[in-house]
Amino acid sequence: MTDTTPAFRSGFVALVGRPNAGKSTLVNACMGEKIAITSPVAQTTRRRMRAVVNTEASQLVIIDTPGLHKPKDALGSELNKAALAELADADVVAFLVDATKPVGTGDAWVASHVAKADADYKLLVVTKADIAGPQKVAEQLEAARGLATFDDELVISAKEGFNVDAFLQLVSAHLPEGPKWFPDDMDTDTTDEDLVAEFVREKLFLNLRQELPHSVGVLCDQIEYADDGHASIRATILVEREGQKGIVVGRGGQMVKKVGTEARHDIEKLLGCKVFLELRVRVEPQWRRNANIIQRLGYGEQE
Ligand SMILES: Nc1nc2c(ncn2[C@@H]2O[C@H](COP(=O)(O)OP(=O)(O)OP(=O)(O)O)[C@@H](O)[C@H]2O)c(=O)[nH]1
């Protein structure tokens with residue numbers, strides 16, 4: 001008797017799109033929990049993250065890449081390098097286009113790299129369908145179709161869970177046959193330290209996005225577990241100028257306290273224990289232009 005069970009499929013799915021297209025939100029929706037951080041500020045995703053989604057017949061390793069954009073400084077160049085490296089390795093590429101923003105040169109630039117990628121399957125995904133009418137969505141599809149050749153297209157709302165399952169099914173079906181690369185109980189290869197730093201940075205962006213565009217970095221120095229089970233965490237917030245330090249610290253330390261309290265709630269959920277979080281703010285002039293610091297912070301290409 002022949003075995004009619006479908007073969008197990010596994011592989012790497014790169015999500016690309018210009019900054020703010022909705023990549024991290026889609027990863028979160030696929031995972032069903034908070035792993036990647038999201039915020040309304042472009043370039044939130046500085047680190048590459050792998051989210052592993054297991055289904056009965058497949059294992060998808062979803063890679064949330066930094067948004068591709070024309071580089072303006074060393075950090076920008078590193079972000080692009082990391083995203084382009086992901087594209088080169090992926091089995092499937094999903095190109096995300098924001099339904100609410102006119103398709104423009106930024107999308108065309110990203111699409112030109114998608115066109116060059118070797119992936120076996122390229123999917124066009126129009127995101128944020130919940131806040132764009134059907135007419136707008138249709139126009140975006142039409143405009144994006146002209147940018148590269150796609151094997152398929154899908155309209156989603158990661159926020160409302162619309163077509164997220166369809167996305168997973170479509171992508172799974174086009175992965176190559178292969179083994180499980182990661183064990184069942186591991187759903188991300190990002191360390192707790194990385195996630196802590198990302199959560200702190202997310203809260204900084206949410207509270208201070210007008211005042212601090214992109215000139216803030218976070219380094220998680222230490223996570224220590226005490227006998228009673230709580231975690232003591234120290235993290236450093238890097239800014240470029242004294243004035244920015246003042247903004248982050250806030251009047252009487254109020255802002256850094258607020259950021260710490262908000263981040264602590266997420267970190268407690270992540271680690272599943274009580275957390276003491278100590279945040280320091282340090283001025284490191286021009287850290288964004290300093291490739292060494294960028295590497296130390298782990299924002300560049302990783303092995
Ligand atoms: N209404 C709505 N908003 C969404 C949806 N997906 C993402 N957003 C919002 O769009 C903004 C950007 O989303 P992200 O997921 O952080 O975008 P990204 O592509 O990862 O951005 P970068 O990290 O800058 O590359 C956030 O404010 C999200 O809440 C969606 O399906 N519906």
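1. Burial of A263. In this predicted model, A263 counts as buried because 25 C-beta neighbours fall inside 10 Å, where 20 or more are needed. The residue belongs to helix α8. Leaving out residues up to four places away in sequence, A263 touches F199, V200, K203 and L277. A further long-range relation links A263 with E202: the two are 61 residues apart in sequence, yet their C-alpha atoms are 8.1 Å apart in space.

2. The packing of α6 and α8. Helix α6 covers residues 192–208 and helix α8 covers residues 254–271; their axes come within 9 Å and cross at roughly 140 degrees. That angle makes α6 oblique to α8, since only angles over 145 degrees count as roughly antiparallel. The crossing of α6 past α8 is right-handed. On the α6 side, the contact is made by D192, L195, V196, F199, V200, K203, L204 and N207. On the α8 side, the contributors are M255, K258, V259, E262, A263, D266, I267, L270 and L271. By residue class, the contact of α6 with α8 comprises eleven nonpolar, one polar and five charged residues. A263, discussed above, is thus one of the α8 residues in this contact.

3. The buried face of α5. Which residues of α5 are buried? They are V164, F167, V171 and S172. Seen down the axis of α5, these buried residues fall within an arc of 120 degrees, so they line one face of the helix. The elements that cover them include β1, α1, β3 (58–64), β4 (92–98), β5 (121–127) and β6.

4. V164 as a member of that face. V164 is found in helix α5 and is buried because 20 other C-beta atoms lie within 10 Å, a count that meets the threshold of 20 or more. Apart from its neighbours within four places in sequence, V164 is in contact with A29, C30, I156 and A158. V164 and L26 are 138 residues apart in sequence, while their C-alpha atoms are 7.6 Å apart in space.

5. N163, in the loop before α5. N163 is placed in the loop between β6 (152–155) and α5 (164–173). Its phi is positive, about 65 degrees, although the residue is not a glycine. Is N163 buried or partly exposed? N163 is partly exposed, because 19 other C-beta atoms lie within 10 Å and burial requires 20 or more. A reader inspecting the backbone may wish to view N163 together with N20, treated next.

6. N20, a second asparagine with positive phi. The phi of N20 is near 80 degrees, a positive value in a residue other than glycine. N20 lies in the loop between β1 (9–17) and α1 (23–31). With 25 C-beta neighbours inside 10 Å, N20 counts as buried, whereas N163 is partly exposed.

7. D130 and its surroundings. D130 has its place in the loop between β5 and α4 (134–145). The residue counts as partly exposed because 14 C-beta neighbours lie inside 10 Å, a number between the limits of 12 or fewer for exposed and 20 or more for buried. Not counting residues up to four places away in sequence, D130 touches S157, K159, E160 and F162. The C-alpha atoms of D130 and A158 are separated by 8.9 Å, with their positions 28 residues apart along the chain. A158 also appears among the contacts of V164.

8. E86 in helix α2. E86 lies in helix α2, which spans residues 74–89. Where does this charged residue stand with respect to burial, buried or exposed? E86 counts as buried, because 23 C-beta neighbours lie inside 10 Å. E86 and T65 are 21 residues apart in sequence and 7.3 Å apart in space, from C-alpha to C-alpha.

9. The protein as a whole. The secondary structure comes to nine helices and nine strands. Of the 303 residues, 43% count as buried. How much of the contact set joins residues 24 or more positions apart? Among contacts in the protein with a separation of 6 or more, such pairs account for 71%. The pair of V164 and L26, at 138 residues apart in sequence, gives one example of positions distant along the chain that lie 7.6 Å apart in space.

Terms used:
Residues numbered from 1 in each chain as written. Predicted model: local features only at pLDDT ≥ 70, side-chain atom pairs only at ≥ 80, totals over all residues. Helix = DSSP H or I, 4+ residues; strand = E, 2+ residues; numbered from the N terminus. Contact = placed C-beta atoms within 7 Å. Arc of directions from axis to C-beta. Axes fitted to C-alpha atoms, helices over the stretch in contact; angles between N-to-C directions. Parallel < 35°, antiparallel > 145°, perpendicular 65-115°, else oblique. Left-handed = near helix turned anticlockwise from the far one by under 90°. Nonpolar A, V, L, I, M, F, W, Y, C, P; charged D, E, K, R; others polar.
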